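Open the model in your viewer and keep the selection panel handy. We will walk from the ligand outwards to the sheets.

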Amino acid sequence: MKNILSIKNLSVVYPGVRPVTALENVNLDVSAGEFVVVAGVSGSGKSTLLRAINRLTENDRARVTGSIAFEGKDVLKASRRELRELRSYIGFIFQEYNVVERLPISTNALTGTLATLGTWRSLWARFPKDRRESAHRALERVGIPLPRHSDRAGRLSGGQKQRVGIARALMQKPRLILADEPVASLDPITANLVMNIFKKINEEESITTIINLHDPVLTFKYGKRIVGLKQGRIIYDKPIAAINRETFEEDIYGTVDGD
Ligand SMILES: Nc1ncnc2c1ncn2[C@@H]1O[C@H](COP(=O)(O)OP(=O)(O)OP(=O)(O)O)[C@@H](O)[C@H]1O
Ligand SMILES: [Mg+2]
């Protein structure tokens, strides 16, 4: 299978009086259609890794070296215009949902098309009819029924807001989904429901998916390949079939002092 993503010797340093090396010489190849969970303790570099892939780390003026190829294109060398295009193929899902509470659910899902529409033409009726129809389909796909689509997003529960976040990403017709701790704010049952949506999308549409999780139970349950980060380095990278359930937590997270 061909690599959709190929990361070579990636290092990311955040500037400051004492600069922080968040990633150091990370190498990671991901094949099209894979479902990868990135695990590691807080501060190990999980968010930095996902954010570097579509150059969100630039917002923090981080110094990024090495190379990242997405579908063979060099992300770090891309021009502004090329970067906009690359980002349009990558659906990014955040822990904090990022829905606009005062806007209807349907409009929130539609904003996933902004990268391709160019500018903010926020109001539902001004979007082309086919876009509106695909927003309805994307929302139904993540389990939000049609009668609710005109409700304000602020009325949704956390799990439902995250579903809208996923629907919005789907509207981009992404070739890669990056999700940074998408279920960290949810109760265990809702977290599983949302993780199952990611799983289903990956299985049915073969969309390559990389998800950061801090929960070892969810990591082991959903990861088809688990990548472990520790202090900015990859210390673990195995397909689920090769993983020893007994030792994997210790292998990735280490032992707790005092145990
Ligand atoms: N904007 C920033 N400026 C400076 N340092 C940063 C910034 N963002 C992250 N860091 C540092 O980089 C390192 C990696 O952080 P990162 O957020 O990638 O870890 P993480 O694994 O996602 O952690 P968590 O599980 O808490 O989300 C940490 O030491 C962190 O303090
Ligand atoms: Mg993080």
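The tour below goes from the ligand to the sheets, one selection at a time.

A word on conventions: this is a predicted model, in which local features need pLDDT of at least 70 and side-chain atom pairs count only at pLDDT 80 or more, while totals for chains, interfaces and linings use all residues. Residues are numbered from 1 along each chain as its sequence is written, chains are lettered from A and ligands numbered from 1 in the order in which they are written, and side-chain values use heavy atoms, with hydrogens and water left out.

**Stop 1: the ligand**

Select ligand 1 and the residues around it (a residue is near if one of its heavy atoms lies within 4 Å). There are 13 of them, and S42, G43, K46, S47 and T48 come nearest. By class, 4 are nonpolar, 6 polar and 3 charged; here Ala, Val, Leu, Ile, Met, Phe, Trp, Tyr, Cys and Pro count as nonpolar, Asp, Glu, Lys and Arg as charged, and the others, Gly among them, as polar.

Now show the polar contacts (pairs of N or O atoms within 3.5 Å; within protein, one must be able to donate a hydrogen and the other to accept it, and residues adjacent in sequence count only if both atoms are side-chain atoms). The side chain of K46 has an N or O atom 2.8 Å from an oxygen of ligand 1. For the side chain of S47, the distance to a ligand oxygen is 2.8 Å. S44 takes part through a polar backbone atom, 3.3 Å from an oxygen of ligand 1.

Which elements give two or more residues to this shell? They are β2 (20-31) and α1 (46-53), with helices (H or I, at least four residues) and strands (E, at least two) being DSSP runs numbered from the N terminus. The largest share, 3 residues, comes from α1.

**Stop 2: the sheet of four strands**

Colour the open sheet with the order β2-β1-β4-β5, whose pairing is antiparallel; two strands pair if DSSP finds at least two bridges between them. β2 and β5 (73-74) are at the edges with a single partner strand each, so one side of each has no neighbour in the sheet. Between β1 (residues 3-14) and β2 there are 8 bridges. Click S6 to find its bridge partner in β2, D29.

**Stop 3: the sheet of six strands**

Next, select the open sheet β6-β7-β8-β3-β9-β10, where the pairing is mixed. Its edge strands are β6 (90-93) and β10 (233-239). Finish on β3 (residues 35-39) and β9 (residues 225-230), a parallel pair with 4 bridges, and pick V38, whose bridge partner in β9 is V227.
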